Amino acid sequence: MLSEFRAFIAKGNVMDLAVGVIIGAAFGTIVKSLTDDIIMPLIGWVFGSVDFSDRYIILSGDVIEGAPLEAARQVGANVLAVGAFVSTIINFVILALIIFLMVRYVNRASARLAKPEEPAAPAGPTEIELLAEIRDALKK
């Protein structure tokens, strides 16, 4: 069983997958930083709020007005974290767009590198046509 597992791990697909997961996690961190540190502050600035990620709706519990989201959660308030949700949606859209562009680029590059199909050889006469020619030649 150990040798089978070693052979499985040594396959190129597994190693490629591992590298992809590691790079994807690092890329996800970059996109999260882009969203949290650049995009969301700009959205907050446009809508008149300094920190959009702390926007929430209190469903139940006593929270001091203007308290950060973490403080509201620590006192046990039931809140809808609208700002955090919007931030997560933006992260997803950015990642989906970048993955789409990467797949599109790879598909175009592989199409350019693919060998063009050679035209099919002209089809010769069918068996019936050959037999008809032989018959006509014998008649002469």
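How many Å should the 32 residues of helix 4 (residues 82-113) span at 1.5 Å a residue, and how far apart are its end C-alpha atoms? Keep that in mind as you open the viewer, and remember throughout that this is a predicted model.

**Stop 1: helix 4**

Select residues 82-113 and put a distance between the two end C-alpha atoms. You should get 47 Å, which agrees with the 46 Å expected for 32 residues at 1.5 Å each.

Now colour the buried residues of this helix: Gly83, Ser87, Ile90, Asn91 and Ile94. Leave alanine 84 in another colour; this helix 4 residue is partly exposed, because its relative accessibility is 30%. From the C-alpha of alanine 84, draw a line to that of phenylalanine 27: they sit 57 residues apart along the chain and 19 Å apart in space.

Next, click on methionine 102, also in helix 4. Is methionine 102 buried or exposed? Its relative accessibility is 51%, and the cut-off for exposed is over 50%, so methionine 102 counts as exposed. For a long line across the view, join its C-alpha to that of glutamate 65: the two are 45 Å apart, with their positions 37 residues apart in sequence.

**Stop 2: the cores**

Select Tyr56, Val63, Ala67, Leu69, Ala72, Ala77, Val79 and Ala81 and show their side chains. These 8 residues make up the largest nonpolar core. Apart from that core lies another one, of 5 residues, including Val31, Phe52, Ile90 and Ile94. Ile90 and Ile94 should look familiar, as both were among the buried residues of helix 4.

Go back to leucine 69 in the largest core. Which residues does leucine 69 touch, leaving aside its neighbours within four places in sequence? Light up Ser53, Asp54, Tyr56, Val79 and Ala81 to see them. Of those, Tyr56, Val79 and Ala81 also belong to the core itself.

While you are in this part of the chain, pick arginine 55. Its place is the loop between helix 2 and strand 1 (57-60), and arginine 55 is partly exposed, with a relative accessible area of 44%. Its C-alpha is 49 Å from that of phenylalanine 5, which is 50 residues away along the chain.

**Stop 3: helix 2**

Select residues 12-46 for helix 2, and find leucine 42 there. Switch on a surface and add Leu34, Ile38, Trp45, Val46 and Phe47: along with Leu42, they make a nonpolar surface patch of about 700 Å².

Proline 41 is in helix 2 too. With 32% relative accessibility, proline 41 counts as partly exposed. Not counting residues up to four places away in sequence, proline 41 touches Thr35 and Asp36. Its C-alpha is 8.5 Å from that of serine 53, 12 residues away in sequence.

**Stop 4: the salt bridges**

How many salt bridges does the structure hold? There are 3 to find. Side chains of opposite charge can pair when their charged atoms come close.

- Start with aspartate 36, which you just met as a contact of proline 41. Aspartate 36 bridges to lysine 32, with the closest N and O atoms 2.6 Å apart. Both lie in helix 2, 4 residues apart, about one turn of the helix. In an α-helix, residues three or four places apart point the same way, because there are 3.6 residues a turn. Aspartate 36 is partly exposed at 28% relative accessibility, and so is lysine 32 at 46%.
- Move on to arginine 73 and glutamate 70, where the closest N and O atoms are 3.9 Å apart. These two sit in helix 3 (residues 69-74), and being 3 residues apart, they are separated by about one helical turn. Arginine 73 is partly exposed at 42% relative accessibility, as is glutamate 70 with 47%.
- Finish with aspartate 136 and arginine 135, whose side chains meet at 3.3 Å, N to O. Aspartate 136 is partly exposed at 37%, and arginine 135 is partly exposed at 46%.

**Stop 5: helix 5**

Last, select residues 127-139. Helix 5 has 13 residues and reaches 18 Å from its first C-alpha to its last, close to the 18 Å expected. How many of its residues are buried? The number is 0, so helix 5 lies largely in the open.

Terms used. Residues are numbered from 1 along each chain as its sequence is written. This is a predicted model: local features need pLDDT of at least 70, side-chain atom pairs count only at pLDDT 80 or more; totals for chains, interfaces and linings use all residues. Side-chain values use heavy atoms; hydrogens and water are left out. A nonpolar core is a set of buried Ala, Val, Leu, Ile, Met, Phe, Trp, Tyr and Cys residues joined through side-chain atoms within 4.5 Å. Buried means under 20% relative accessible area, exposed over 50%, partly exposed in between (1.4 Å probe, protein chains only). Contact means heavy atoms within 4.5 Å. Patches are made of residues with over 30% relative accessible area and no salt bridge: like charges are joined within 9 Å, nonpolar side chains (Val, Leu, Ile, Met, Phe, Trp, Tyr) within 5 Å. Accessible areas come from the Shrake-Rupley method with a 1.4 Å probe; for residues, only the protein chains shown count as cover. A salt bridge is a side-chain nitrogen of Lys or Arg within 4 Å of a carboxyl oxygen of Asp or Glu. The expected span of a helix is 1.5 Å times one less than its number of residues.
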